[in-house]
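Here's a quick walk through a model with several chains. Have the viewer open and follow along.

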Amino acid sequence: MKRIFMSIVLVVIMLVTSACSSREASAPGKEIYIALAAPLTGDYAQYGESFKKAIDLHVKAINEKGGVKGALIKIEAFDDKNDAKEATNIAQKLVSDKKFVAVIGHFGSTPSMAAAPVYQKGGLVEFSPTSSHPEFTSQGIYMFRNVNTQAVEGPILGEVAVNKLKKNKIAVIYINNDWGLVTKDKFIEKAEALGASIVASEPFIGGQTKDFTPTLTKIKELEPDLLFIAAMYSDTGLILQQAKQLKLEVPILGPSSLNNAQLITMAGEAAEGVYLTSNFFPEDPNSIVKGFVEEYKKAYGVEPDQFAAVAYDTLGMLVKAIETAGTDRKAIRDALAQIKDYEGVTGKTSFDENRDVQKAMVTLQIRDGKFVLGD
Amino acid sequence: MNKLVILLLFLIIILLPFLGIGDYILRIAIMAGIYIILASSLNLVTGIAGQVSLGHAAFYGIGAYTSALLSLKLGVSFWGAMVAAALVAGVMGFVIGLPSLRLKGGYLVITTLGFNEIVRLILINWDSLTRGPMGLPGIPAPSMFGRAFQSNVPYYYLILALAAITLFIIYSILNSRIGRNLLAIREDDVAAEAMGINPSRYKVTAFVIGAVLAGIAGSFYAHFVSYIDPQSFSFDESVTILSMVVLGGMGSMAGAILGAVLMVALPELLRFLVQYRMLIYGLVLVVMMLVRPMGILGKVPFDLNFVLGAKRPDRTRERGAG
Amino acid sequence: MFLQQLVNGITLGSTYALTAIGYTLVFGILELINFSHGSVYMAGAFIFYILATQLKMNFIAAFALSAAMTGMLGLVLEKMALKPLRKKGAAKITALISTIGISIILQNGVMLLMGSETKGFPSVFQGRYFNVFGTDVAFIQVFILLFSLVLMLALSYLIKSTRMGKAMRATAQNSEAAALMGISIDSVVSFTFFLGSFMAAVSGILVGMYYKSIDPGIGYLAGLKAFSAAVLGGIGVLPGAMLGGILIGISEILAAGYIHPGYRDAVAFAILILMLIIKPGGLLGKPTQRKV
């Protein structure tokens, strides 16, 4: 029995000490704390790492120029493992710790959605660079996102497929998560409205499926003139390779998630000719983008992907809001919502009344192992 | 002296929300409460009845989805939804338990694991019912006396009550004829059968009760976090719950509680080690098993070799495979 | 199209078979569900990746070396984490939890060292094809199938005819009696782990070459499917692992192609569960007697 008591005492001590440790006395004024909540371990760690790298880069540049009115920006990163429970715990922690003025996060829609009620109730900005769940920003006025929702990108892709590439017998493969579902739905809606017919719509479970041969074999039978793939680059790499293996020769179109050099490394020749939309590509001659790409390459030895790019802009926009509003959480939210025509590496960005953005997109194509502007 | 400590602990637990600990710690406490229910219910199945289940998260998920869907689509109140969740989880426990519990050891583990995955895949793919990966947002908070729960505080007291009821139920079972029969089956089910105890009936009973309790925890969870999706109820979650039971000490009720609290609190305390957290978690499992395999509060000597039919050194008779 | 799907299924199935053979060996001898088999498989593939692409070693040398190193890894893991449990007579579930812990450590360790992104994996098999009854079969598909067959035969020979093989069989039947007969259980266990991990690496590398990609997460499902294949075919029975793997591969592909791709993994598990309920020994397993 004694052991039980000791263990319960131990537990209570732990709870109390963690209570004390999270209530830190923060020195006001000289440092501004922004939290980054993203997956730093687990299946999606690469995206969280991209965020962190880009944000650290941008913060360094801002601090070197004296920070925000003399106060230095400090980033603290929190690992949500792309999990809803972790995300809500982190959200609660950040809401309670008053030194954080805003949160950049989360990456995935599941954690972003799960944590939203906590941030909303606690009055802390949750600015997600990538969350695309259609109902995310309707969870509350503190929810912001910096990516075209698939509700925006899907129709753009539909137009590219039918009007630009002149295809009308389309097969679709999509990843069965909220992002993939919305992309597929909106793409199909637009494509059909423009007169194309969809001959196949095949889902797969992301992270688990590596073998696409049954789906590709089925699609080959149907003889489409375009294959639309709504998936992340790693899944698409596999699809491209296997399509080649099965001698499925058909033009391929995908969304901005394909904008990653690793796709070309993985799929090699199979990636030639693939079309994609994007709001960021490293060879963009725009001077802001060039500068960003160079700095990133210098610091990290690799080219930034569009996740890094959008995180970079997310931080930039947040800092702009802080410059205007100071460190009050609500004031920052209000200032952020007012931002119009922010010039960043992912184009000119403005928030609409739902705190969503509409960014212009370009069409790219993979030629000779490089991403170039598609014509 | 002991009585004073007990009283003090009791007071701390009852008055926790008012001790100035803040919302964050209160949330951790609430999560701990949920996992206490999950770990204890699994303990009933695994530690006491001796049936290793890696599918507990499936019942958790079934409870959560049942409760959420009833509230969202049919406007059922939380209380009704929770009862329904418990029932549905229980029925599923019966359906799965009846055929599976005839299997031994390793085979049972795989079956429960397979079941867990199947449930998760159904949740993802049957999107006309569950909205698939889009999840269910906006699950309403429970209401009492006409007012919905506004802060974490009422949730805390609710989970405290649910956990207390759960522990009471399990304690009563342990000390009843059912409990004694389960332990007999655990030790040697062939001998128990020879003595007239029907192992299948008791194993399934324990399994169903475990499922019901997990379903209740699921219902609470859904109405606490207000957004659920299939991702939260995977095999990983079952592993987590099983680890809590093993860490704390299988067969020991206090052990299940301790395991749950530790594994909810530790990751929060280890947060400063962000990048290495999962790695350390794995290390903790391995090291614990090496240093103290009976679990922190497990009973000495650790007698549970029955679980996978391992041979005990002082026995001379053979066991069947697994 | 059906023939092509069948080919797809057999190919996929032989990747499962390859991994299941190693799995069933360890389970058959030690009655241990080794959750870390999948992570060892992944680690083996990554070791090859490092040797072949970063150290630019010759493929054959890298292959042999990474398999051997992974075998050593298995040996070390057994000695450090599982042997002490065995000596203490601890419950099997303790070992099971320990292997889960090992699996988490390996997966996260690799993630920390190598990053979690999917990496392009080198392959020696470029697009050569055979034409079988009007469908195209890639060279690597045939290679993997034949390789699993050869491996299975080689292992069967090992188990049946060599001294170590006999010692392994004796230990599987009754470890106390085997010990009394002078067999060093420790050696048998160590060797089994080495062999199992060696083969896990071989499968990991070959499958990596097939998909031309790896990431730290590949071990999880590979482990589970191998697991299911081994049990389906009959735990401890090598040809069973092969058969189980191919059957799961075929049913998965047919489900994905003709029913619904989202449920493909569920189908594999459902078949497994049904099997266990109807014939738990597996398709080729022997029924066991429970004596009192």
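Two strands count as paired if DSSP finds at least two bridges between them. Helices (H or I, at least four residues) and strands (E, at least two) are DSSP runs, numbered from the N terminus. This is a predicted model, in which local features need pLDDT of at least 70 and side-chain atom pairs count only at pLDDT 80 or more, while totals for chains, interfaces and linings use all residues. Residues are numbered from 1 along each chain as its sequence is written, and chains are lettered from A and ligands numbered from 1 in the order in which they are written.

**Chain A strands**

With that in hand, S1(A) and strand S2 (residues 72-79) of chain A run parallel, paired over 8 bridges. If you want one rung of that ladder, A:Ala35 has A:Glu76 in S2(A) as its bridge partner. Is strand S1 (residues 31-38) of chain A largely enclosed or exposed? A residue is buried if 20 or more other C-beta atoms lie within 10 Å of its own, exposed if 12 or fewer, and partly exposed in between, with C-beta atoms placed from the backbone. By that count 6 of the 8 residues of S1 of chain A are buried, so the strand is largely enclosed by the rest of the structure.

**Chain B overall**

Chain B has 13 helices and 4 strands. Its radius of gyration is 20 Å, close to the 20 Å that the globule rule gives for 322 residues, so chain B is as compact as a globular protein of that length. (The radius is taken over C-alpha atoms, and the rule is 2.2 Å times the number of residues to the power 0.38.) Along the principal axes, the C-alpha atoms of chain B fill a box of roughly 65 × 55 × 40 Å, and 58% of the 322 residues count as buried.

On confidence, pLDDT is the predictor's own score for each residue, from 0 to 100. Chain B averages 82, with 90% of the residues at 70 or above. Among the elements of chain B, helix H3 (residues 56-74) has the highest mean, 95, and helix H9 (residues 189-194) the lowest, 75. Over residues 300-322 of chain B, pLDDT stays under 50. Where pLDDT is low, the predicted coordinates should not be read in detail.

**The core**

A nonpolar core is a set of buried Ala, Val, Leu, Ile, Met, Phe, Trp, Tyr and Cys residues joined through C-beta atoms within 7 Å. The largest one has 325 residues, and A:Val103 and B:Ala260 touch the most other members. Helix H2 (residues 22-48) of chain B gives the most to this core, with 18 residues. Domain 1 (26-147 + 289-349) and domain 2 (151-278) of chain A both contribute residues, so the core lies between them; the domain bounds come from an automatic or database domain assignment.

Contact here means C-beta atoms, placed from the backbone, within 7 Å. Beyond four places in sequence, the contacts of B:Ala260 include B:Ala32, B:Tyr35 and B:Met244.

**Backbone oddities**

A cis peptide bond joins A:Gly105 and A:His106, with omega about -5°. Two residues other than glycine have a positive phi:

| Residue | Phi | Loop |
|---|---|---|
| A:Arg355 | about 65° | between strand S12 (347-349) and strand S13 (362-367) of chain A |
| B:Ser226 | near 65° | between helix H10 (199-225) and strand S4 (227-228) of chain B |

A:Arg355 is buried, with 22 other C-beta atoms within 10 Å, and B:Ser226 is buried with 20.

How values were computed. Two residues are in contact if their C-beta atoms, placed from the backbone, lie within 7 Å.
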